[in-house]
Amino acid sequence: MDLKNMKNYVYWLYCQFELITCSYLMEPWEKVLFYTFNTTMLVMVLYTTYLFIPSHISTAFQFFFHHLFGNPRENTVSVLK
């Protein structure tokens with residue numbers, strides 16, 4: 001894919017985005033506010049996902065492995081008592 005086709009494709013995607021969000025009807029200052037708000041929300045969601053999803057996945061794996069395979073320390077301690 002050459003540079004001109006890529007440029008046209010990106011422009012087409014931008015036009016589709018404007019059509020879907022109806023932002024082509026907005027004035028320039030409204031577009032700035034709209035895009036700023038949406039970009040801020042997207043960045044906050046991505047940052048929160050980056051921070052919290054790995055710990056939640058780790059906790060879920062520990063929980064399920066504990067219940068599926070049992071806790072070996074509990075099993076050996078109960079035998080010794």
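**Residues 32-53.** I began with residues 32-53, where the chain is 100% helix and 0% strand, and I noted that the end C-alpha atoms of this stretch are 31 Å apart. I looked up the stretch in the UniProt record, an unreviewed entry, which places the feature "transmembrane region" at residues 32-53. I keep in mind that what I am reading is a predicted model, and that such an annotation may be inferred rather than shown by experiment.

**Whole chain.** I then stepped back to the chain, which holds three helices and zero strands, so ordered that the elements run α-α-α from the N terminus on. Of its 81 residues, 4% count as buried. I read an accessible surface of about 7,700 Å² for the chain, and 72% of that surface belongs to carbon and sulfur atoms.

**Helix α1 and the loop after it.** For α1 I compared the span expected from 19 residues at 1.5 Å a residue, which is 27 Å, with the distance between its end C-alpha atoms, which is 27 Å and therefore agrees. Just after α1 I came to Cys22, whose phi is positive at about 60°, although Cys22 is not a glycine. I placed Cys22 in the loop between α1 and α2, and I entered it as partly exposed because its relative accessibility is 39%, between the 20% under which a residue is buried and the 50% over which it is exposed.

**Helix α2.** I ran the check on helix α2 (residues 28-69) as well: its 42 residues should span 62 Å at 1.5 Å a residue, and its end C-alpha atoms are 59 Å apart, which agrees. Following α2 along, I found a bend of about 35° at Phe52, with a proline, Pro54, following within four residues.

**Salt bridge.** How many salt bridges does the structure hold? I found one, in which Lys31 pairs with Glu18 and the closest N and O atoms are 2.8 Å apart. Because Lys31 lies in helix α2 and Glu18 in helix α1 (residues 3-21), the pair ties together parts that are 13 residues apart in sequence. Are the two partners buried or exposed? I noted that Lys31 is buried, and that Glu18 is buried too.

**Nonpolar patch.** Last, I looked for nonpolar side chains on the surface and found a patch formed by Ile53, Ile57, Phe61, Phe63, Phe64, Phe65, Leu68 and Phe69, which together have about 900 Å² of accessible area. From this patch I picked out Ile57, which is found in helix α2. I recorded Ile57 as partly exposed because its relative accessible area is 44%, a value over the 30% that a patch residue needs.

Methods. Residues numbered from 1 in each chain as written. Predicted model: local features only at pLDDT ≥ 70, side-chain atom pairs only at ≥ 80, totals over all residues. Heavy atoms only, no water. Helix = DSSP H or I, 4+ residues; strand = E, 2+ residues; numbered from the N terminus. Expected span 1.5 Å × (residues − 1). Bend = angle between axes of the 7 residues up to and from the residue. Patch = residues over 30% accessible without salt bridge, like charges linked within 9 Å, V, L, I, M, F, W, Y side chains within 5 Å. Areas by Shrake-Rupley, 256 points an atom, 1.4 Å probe, with all protein chains shown as cover. Salt bridge = Lys/Arg side-chain N within 4 Å of Asp/Glu carboxyl O. Buried < 20%, exposed > 50% of the residue type's maximum accessible area, 1.4 Å probe, protein only.
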